[in-house]
Amino acid sequence: MSHQSTPDFLQNLRPTELKTAAARRFADFCLQDFDHQAGTEGFDPEAYADAVKLVVGRLEALRHKEQAA
Amino acid sequence: MIIKALAVQDFRKYANLQLDNLPERGLLAVVGGNESGKSTVGDAILFGLFGSTSQMGAGDAIRLIRWGCPQATVTLRLLLRGHEYRLTRSVNQQGDVMATLFSTEENLTLADTPDAVAAQLRSLLGYNQKSFGQAFYWSQQSAHSPQEDADSLLSLAGLKEYAQLSEQLQDENAARVSNIASREVRREETLTGLDTLHIDDAHLPHLERVSNVLETRQQHFLQLAQRIDKETEQYAANHEPYQALREHASKLGFWTRVGLFLFLLMLLTGLFLLFAPGHLLAGMNGWMREMLGQATIRIAVLLALGGAALLIYGWYVDMRRISPLRKQAGHLANTLLDGFAANNTPAVEQVDDEAATYLRETGLDMPERSSEHPDIAVIPEWAKEAQGYQTSPQNIQAAADALNVSMESRNREFGNYLQHVQNAIQTEQGRLTTREQMQASLARQDEELEQEHHQHIVTELAVGLLQRNGSNAVSRFNQLVQQRCSELVEQFTSGHYRQLELLPDFSLRVFSSEKDDYLDFAETSTGTQRQIALAMRVAVANALADSAHIPEQMLFLDEPLAFFDPERTSNTLKNLEENAPGAVCQIWLTAQVLPDGASFAQVIHCPQHGNTLAV
């Protein structure tokens, strides 16, 4: 991964530390996908990081909701 | 894995449940009304295997103990790859769970703690509790709505969370689009409001300048009135002394002129006596002439000195005493003329062009003169005379009184103009405040809109990422469906539907033979969805059994026929029965009444009343 333009959230994202398998799978995918996308025209790394943050946060929250249910 | 026997003590409603010599192949029907304990059979199998049920986690296992009993125990006799095992699991009122896995052939305890049993089972079965729950156990209780059938299918694909989140995010984005549209409408309204204000930024400074001019002018009238009073008083006080000083100065002038005349006379006489030819003064001897001449000169000198002294004194009186009084009189005359001008000049001519234009635009009534008092007409004449104290203090007082009335009137008049312009200032300030508030509101709206747009982009990106991440799982699922389920779906739905397909956006569609086109899974009837879900469950169960190299596998279906009409029931049973020769060979199903249309390998009737069942 090229760390030069990688947003902080993605740099600090550790899939193994996530609680749900779905979030771990997603984080793994995004960390690999980011490098592929980074070269494309019009790519916005911050928006990408925000999107990953949104999904990871929701997937982790789903676990809490399921536990509460 | 086949269940050969099930023994239960004090588990949920059963004090004792004993199912022995269960058939290894075929359909096993568990029949009974509501609360008869059909589902408890499935719960007992789940608890025995994994320590929890579909409804209660391991932490709630204590709630599975029959009311008033110290502990619940489940014993399963399992047949796995031709070997027989006995699995016993119990939970007591303290929540302590005990588990033992025993090999009946080797007469050996393989594991005697819950963790060790779990590890051994995972190794023997080749799948864990989650996979078992997804592939080999299906409960009507956990799938009581059509959406849950779809969820169940997505769960099989490993995409349930992604699909749920994707749908949630798309719903949020749809709401966001509507929110953005309404925010943009509000923003347009704010912009229109701003435009309709038509605020000219130069207007308020213009009004403030006009206000300053009017205020200064009003102040001028007050000061003028004060000056008139003060200088009138001084005039009255100075009038008499001035006259006396003028008389005194006049006398001094007279005596100065007399002294000068005498001086000249004496000087000429003395010079004549001293220097005149002798024949002109023949009667006078030389000594006499010289003495008289010198005496006359001396008198002339004395007269000159006296005249000079008088001249200096006269100058002193004029400069130090009369001149200040005259200057004061001059000031009074100017003040009177100022007052006269203020009275006789219309307001628009007393202010600068900017203020004059404003006053004309107001359309206010502007009198030519502030007072029509008759004394005012003679003020210029009196002012001229006052410069030399030639008019009486009474006249000056009359002029002052008339001008005071005039100044008061002008003051009120300018007060009205000032009030008008201050009202205009207040209105303009109010409009500017409104504009500031609207501009602040517009800035806030812009910021919120930008955030919403950003969030919209982020959410779309998130949905795209979820779908791209799920694409492999979608492909795997569709491959599985193609390989394992196409036929089953067709069989279970009597040929009405053929192909189930998961799309990249996590939506499910099924091919309708009648319509010769794909239909959204949600558009099909509840019964069809349930049939397709069951077909998928059987297909997945077979696929998992195959991948785990399990030759014989049980499948537990809790009330799978609940929403089916007799035709669907018969068709489903027929297909389940036909599936029994495959890897999934022992198929348990629960039902309220024994369904027609299939031959059952065993029928277990659950007691509606009582807590014991032995088969």
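This passage goes through the fold of chain B, its main parallel sheet, one residue in a helix, and the contact with chain A.

The model is a predicted one, so to speak with strings attached: local features need pLDDT of at least 70, side-chain atom pairs count only at pLDDT 80 or more, and totals for chains, interfaces and linings use all residues. Residues are numbered from 1 along each chain as its sequence is written, while chains are lettered from A and ligands numbered from 1 in the order in which they are written.

Chain B holds 14 helices and 15 strands (DSSP runs numbered from the N terminus, with H or I over at least four residues for helices and E over at least two for strands). Of its 615 residues, 34% are buried, that is, 20 or more other C-beta atoms, placed from the backbone, lie within 10 Å of their own. Among contacts in chain B with a separation of 6 or more, 74% link residues 24 or more positions apart; a contact here is a pair of C-beta atoms, placed from the backbone, within 7 Å.

Five strands of chain B make up an open, parallel sheet, ordered S8-S12-S13-S3-S14, where pairing takes at least two DSSP bridges between two strands. S8 (137-139) and S14 (602-605) of chain B sit at the edges with a single partner strand each, so one side of each has no neighbour in the sheet. On average, neighbouring strands are turned by 15° against each other, direction ignored. S3 (26-31) and S14 of chain B pair in parallel over four bridges, and Val31(B) has His605(B) in S14(B) as its bridge partner. Lying across S3, S8, S12 (553-558) and S13 (584-591) of chain B is helix H1 (38-50), which runs at about 140° to S12(B); axes are lines fitted to C-alpha atoms, for helices over the stretch in contact, and angles run from 0 to 180 degrees between N-to-C directions.

What about Thr569(B), buried or exposed? This residue of helix H14 (566-579) of chain B counts as buried because it has 20 C-beta neighbours inside 10 Å. Leaving aside residues up to four places away in sequence, Thr569(B) touches Leu561(B), Phe564(B), Pro595(B) and Gly597(B). Its C-alpha atom is 9.9 Å from that of Gly527(B), 42 residues apart along the chain.

Turning to the interface, 15 residues of chain A are in contact with 11 residues of chain B. On the chain A side, H2 (21-38) and H3 (45-68) each supply at least two residues, and H3(A) gives the most, with 10.

Key: Buried ≥ 20, exposed ≤ 12 C-beta atoms within 10 Å, placed from the backbone. Contact = placed C-beta atoms within 7 Å.
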